[in-house]
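Reader: I'm new to this structure and would like a close look at one part of it. Could you walk me through that part, and then show me what lies around it?

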Amino acid sequence: MKKENINADKDQQSMVKENSSTEKFREMKKENINADKDQQICTMLIGALAISYSVDMVIVYICYTSTMSSGMVQIGVFLAIIYLKGHYGAAVANDQNSTTSTYVEYVLLQKNHPCSRKCVEGDSPMVCRYNFTIEWYQTMSKACYDCPLVLDDCKRPDCITGDGRKRSIVVVNRQMPGPSIEVCVGDEVVVHVHNHLMTDTTTIHWHGHHQRGTPYMDGVPFVTQCPIQPGTTFTYKFVAANVGTHFWHSHSGMQRADGAFGPFIVRQPKQQNPHSHLYDYDLSSHVMTILDWTEETGMQKFVAHHHSNGDNKPTNILVNGKGRFLEFIMENGSSVYSPVERFYVNKGYRYRFRIINAEFLNCPIEVSVDNHTLTIISSDGNDIAPIDAESVVTYAGERFDFIINANKTEDLYWMRFRGLMDCDERFKSAHQRAYHPIQKHIRKDWLQYTGTSDTDFPEGLPSYTEAHKEGLQVNALNVGMEERNSSVSIPHLQSLNEWDRSLTKF
Ligand SMILES: [Cu+2]
């Protein structure tokens, strides 16, 4: 119980770091840890404070100084903290609108986990605990009710829409992508993996994380560990040592292709981040996990290709588990599709986006954003000298981070994802419809943009051919180092990381 209190204490601290009363808050919680367990007196303390840069923002928090283990008291404290965090985010947003040119520090607004926070130099590391339940599941399941005919049904808990086609999937916590692990460098990551696959074993690999000192946590079945048996739980535990955009995925069978993957982001304090001056926000909602998608499971695809007349060509691309493919007809005869992903930005600010390519077939994906140049700052978790490009190509397992400056006219803009190689126009004509991109939605203000809604789309619906954007491309397909005018190859990138001397044989 003491350990849980310590973790809760750290969690709560992370949400109030910017407040002037943080220290007071910490002290109160420390007293809580040290309080005599037998003490039955519960003292409720109610404090109110105002965030200085938001005149109308007043936050009330409640904490208690006894170890009384009443479930009701603990729930009360938890709700109060969520309330505080939500309002704190809103206060930052208000501040943005009143600032026109000065640099605004990035503050994370993800609600799902306290470890997803702004990393502050000198702060104590946190223990970041997650529960992963992996199971066979289904897209467009019963949980989706009348989605997409009733669009709100698509947002129901446990509803995974994919591209509207029903198929079996393997997912963690009934999410695709699975839970996003976002921590600060030095945090301890603890993931309890509960295998609810009925007959299959599993493991989780931390793609991009070097696992120095903890190779037995690398998640490779029969190499670094015995696979996790059905009906059992295995706990991964390691310190997040590599800064950057990584991802986790099942390393067993075809489970990764069938949906068992998610982001793994390791952030660092501003003082250690060579790119911190280039952007204002680094938000959880700007992580984009992309993958190729088929209507059958990875194993069905594989077996049909090797033993029959099946092929190995994907028919679609998903962005954060969403895509446009299957047409549904409404009663009035109009057509509707399952939702696509939207990325929200406010005009006048610069945003860090993180692409994770989680695909499994031979389908490099070209990514571009209409009317916006990408400033690419990181490759596979390693910082690089910034490069302005119009598009970037990513292959299976790769990650790229780029900055978008939202300095264009307030409007809706397509983000385009175009499959190459086995995804291109030589194979499936269906691809042309498959690559309907997601969009970037620039709103007039934080609350509401007059004249648009979440069902609006930018002008036009780009075809496969139109999904290509002219201009400098990073990591182009089959283009060598000699072609400098239209392409930047990986060897052209300049690493900002120090040379790792442990790799030198002296
Ligand atoms: Cu991997």
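Author: Let's start with Val190, which sits in strand S6, the run covering residues 188–195. Keep in mind that this is a predicted model. Is Val190 buried or exposed? Neither label fits: Val190 is partly exposed, because it has 15 other C-beta atoms within 10 Å, and a residue needs 20 or more to count as buried, or 12 or fewer to count as exposed.

So who are the neighbours? If you skip residues within four places in sequence, Val190 is in contact with Val127, Cys128, Arg129, Thr235 and Lys237. Arg129 is a nice one to look up on screen: 61 residues separate Arg129 from Val190 along the chain, yet their C-alpha atoms are 4.7 Å apart.

Now hop over to Pro179. You'll find Pro179 in a loop, with strand S4 (168–172) on one side and strand S5 (181–184) on the other. Pro179 is also partly exposed, because 18 C-beta neighbours fall inside 10 Å. Setting aside residues up to four places away in sequence, Pro179 touches Tyr130, Phe132, Val172, Asn173 and Gly262. Take Tyr130 from that list: Tyr130 and Pro179 are 49 residues apart in sequence, while the C-alpha to C-alpha distance between them is 8.6 Å.

From that loop, follow the chain into S5, which belongs to an open sheet. How many strands does this sheet have, and in what order? There are four, arranged S5-S10-S9-S7, and the pairing is mixed. S5 and strand S7 (204–207) form the edges, so to speak, each pairing on one side only. Going from one strand to the next, the twist averages 20°.

Zoom in on S5 and its partner. S5 and strand S10 (residues 261–267) run parallel, and four bridges join them. To pick out one pairing by eye, find Glu182 and look across to S10, where its bridge partner is Ile265.

One last thing is how far to trust what you see. Across the protein the pLDDT averages 76, and 70% of the residues score at least 70. Residues 1–109 have a pLDDT below 50, although the model gives this stretch 111 contacts beyond near neighbours in sequence. Residues 429–452 also stay under 50, and there the model has 66 contacts beyond four places in sequence.

Methods
Residues numbered from 1 in each chain as written. Predicted model: local features only at pLDDT ≥ 70, side-chain atom pairs only at ≥ 80, totals over all residues. Helix = DSSP H or I, 4+ residues; strand = E, 2+ residues; numbered from the N terminus. Contact = placed C-beta atoms within 7 Å. Pairing = 2+ DSSP bridges. Axes fitted to C-alpha atoms, helices over the stretch in contact; angles between N-to-C directions. pLDDT = per-residue confidence, 0-100.
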